[in-house]
Amino acid sequence: MFDLLFLGFGEILNLKILLVIFIGVVVGVIAGLIPGFTVAMAIVLTLPLTFGMEPVTGIAAMIGVFVGGMSGGLISAALLGIPGTPSSVATTFDAYPMAKKGQPGKALSIGIWASFLSSIVSLFILVTIAPQVSQFALKFGPWEMFALICLALTIIASVTGDSIIKGLIAGLFGLLISTVGADPIMGFARFTFDLDVLRAGIPFLVVLIGMFAISRLMQSLEKSQLEKDRLERLNEDASEMKFTLKPFQSLKKVISKPMTLIGSSVIGSIIGAIPGAGGSIANIVAYDQAKKWSKEPKKFGTGCEEGVVASEAGNNSTVGGDLIPTVALGIPGSAVTAVLLSALMVHGITPGPLLIVDEPNIVGGIFVAFFIASLAMLFTQFAGMRVFVKITQVPTHILVPIILVLCVVGTFVLNNRTTDLYILLAMGIIGYLFTKYKYALAPAIIGVILGPIAELNLRRAFMTDPDWTLFLSRPISLTFLVLTVLSILFTIWQTINAKKKAQA
């Protein structure tokens, strides 16, 4: 553990990399505070900019965006009552009432400290657990890896949408996209329908940009005039708010609630480590648990300090948890870490259990970059809060063209192919339809990333030994397959119960 951190500090303590992390945090905060523009969208747009960087520098920049984006949603949640990101929904429950009572500075300061301290707790959990999980995963053969990916896909499908059927369909759609193009072992073309545009396959980075960024732009253009007028009124109210940030007084208030802070951070880290769960679930679960364990639960929802601490600690601690399966197993915990894995692949680094053994400097760099980004977030939020508040007032019709240009340029520079732009448009339309009909995007995106890995391990398993019963006779593989079935059955049971309660 300490060897990895030592290597990481050697990689990251460079003026250029520190500046890149700082810029990444600023970009992330801006993306997080604008309602409708998510962290995933920001990190997808950042990816093409990292191609000319060294692997550690590029990953550090993206982690900066990730950390900044998770904390940026606090600003619009507190001042507008609108979550800047889906992971800030529960933050609005107490931060906004506190701001309406004339204490916006207090709400923001408490949220910033809770975000920072929870990130440190989740970093400790990440550094402690990830190497152990990786050591265990080194025992995996192709049978275990295939079974693990099956489990990950079912978990992702079950926790990222209202319907497990829709989640599985989205995941299978991602797997389908990953099969288009050259066969990974034999090399012949498949599922191209004699279309030249598909012969090179569908690049997963184009899928990411299309389904997350372009579809989000389409949604923002679809907003009704009523919604736009409401947002403008809220922005006017926020601009009139007078606030003073008192960092040290707020720090004392956050530290005075250690059980809420640590408990919410642990909950966020655990939920973050579950593939597909993410900050939105952690934010609500941490808030709910803090309310249940509180001595004064009736204060929650009225501008309660404890509620702000719990919600912000819950969502920001998912960053460390999210990185555990990403670093240790090569399985993305969310769409954001799927992009991080994509960045590693672009730089010729193979993610998986061997990553810590083969590239300890990269892994150490990720750990230290997370720590530096958390410090940068703390400083940036307190120093630049008044500027960030003004950014919430930028009209959508100005943001959309800028982001669209970034999407098109970023897509083109991937392979310098105009055909990728057609795929970008197609994926954008598909992503828009997914969100419109309530199909989660995360299973589709992670299906695209995990599909080739699943296929490769399945093919290797049968090339090593054609006996399919090995999937059931090997204990670890069997355990993962049993858990796969249980995760589907559990989700079906949850869905049936929810329907019965709704009818009652």
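1. The crossing of helices α6 and α15 is right-handed, and it makes a convenient place to begin reading this structure, which is a predicted model. By class, the contact of α6 with α15 has six nonpolar, five polar and three charged residues. On the α6 side the residues are Lys106, Ala107, Ile110, Gly111, Ala114, Ser115, Ser118 and Ser119, and they meet Glu305, Val308, Val309, Glu312, Ala313 and Asn316 of α15.

2. As for the geometry of this pair, α6 covers residues 104-137 and α15 covers residues 305-316, and their axes come within 8 Å and cross at roughly 40°. Angles under 35 degrees would count as roughly parallel, and α6 and α15 are therefore oblique to each other.

3. A second pair to examine is α2, residues 15-33, with α19, residues 360-391, whose axes come within 8 Å and cross at roughly 50°. The two helices α2 and α19 are therefore oblique to each other, and α2 passes α19 in a right-handed crossing. From α2 the contact takes Leu18, Ile21, Phe22, Val25, Val26, Val29, Ile30 and Leu33, while α19 brings Ala369, Ile372, Ala373, Ala376, Met377, Phe379, Thr380, Gln381, Phe388 and Ile391. Sorted by class, the residues of this contact between α2 and α19 divide into 16 nonpolar, two polar and no charged.

4. The third pair is α17 with α22, whose axes come within 9 Å and cross at roughly 45°, so that these two helices are likewise described as oblique to each other. Here the crossing, in which α17 passes α22, is left-handed. Ala335, Ala338, Leu341, Ser342 and Met345 in α17 meet Ile445, Ile446, Ile449 and Ile453 in α22, and the residues of this contact comprise eight nonpolar, one polar and no charged.

5. A reader may next turn to the largest pocket, for which a volume of about 1100 Å³ is computed. Its lining is made up of 45 residues, and those closest to the centre of the pocket are Met345, Thr350, Pro452, Ile453 and Leu456. Two of these names have already appeared in the preceding point, where Met345 belongs to the α17 side of the contact and Ile453 to the α22 side.

6. Several elements share in this lining, and at least two residues each are supplied by α7 (142-159), α8 (164-178), β1 (181-182), α10 (204-222), α17 (335-346), α18 (355-358), α20 (396-415) and α22 (441-464). Which helix gives the most to the lining of the largest pocket? That helix is α22, with nine residues.

7. Finally, the character of the lining of the largest pocket can be stated by class, with 31 nonpolar, nine polar and five charged residues. For a colleague inspecting the model, α17 and α22 may be followed both as suppliers of this lining and as the partners in the left-handed crossing.

Terms used. Residues are numbered from 1 along each chain as its sequence is written. This is a predicted model: local features need pLDDT of at least 70, side-chain atom pairs count only at pLDDT 80 or more; totals for chains, interfaces and linings use all residues. Side-chain values use heavy atoms; hydrogens and water are left out. On a 1 Å grid over the protein atoms alone, a cavity is a set of points where a 1.4 Å probe fits but cannot get out, and a pocket is an open set with protein on both sides within 12 Å along at least five of seven lines; lining residues have an atom within 4 Å of a point. Grid points are joined across faces, edges and corners, and a volume is the space filled by probe spheres set on the points. Helices (H or I, at least four residues) and strands (E, at least two) are DSSP runs, numbered from the N terminus. Ala, Val, Leu, Ile, Met, Phe, Trp, Tyr, Cys and Pro count as nonpolar, Asp, Glu, Lys and Arg as charged, and the others, Gly among them, as polar. Axes are lines fitted to C-alpha atoms, for helices over the stretch in contact, and angles run from 0 to 180 degrees between N-to-C directions. Angles under 35 degrees count as roughly parallel, over 145 as roughly antiparallel, 65 to 115 as roughly perpendicular and the rest as oblique. A crossing is left-handed if the near helix is turned anticlockwise from the far one by less than a right angle, and right-handed if clockwise. Contact means heavy atoms within 4.5 Å.
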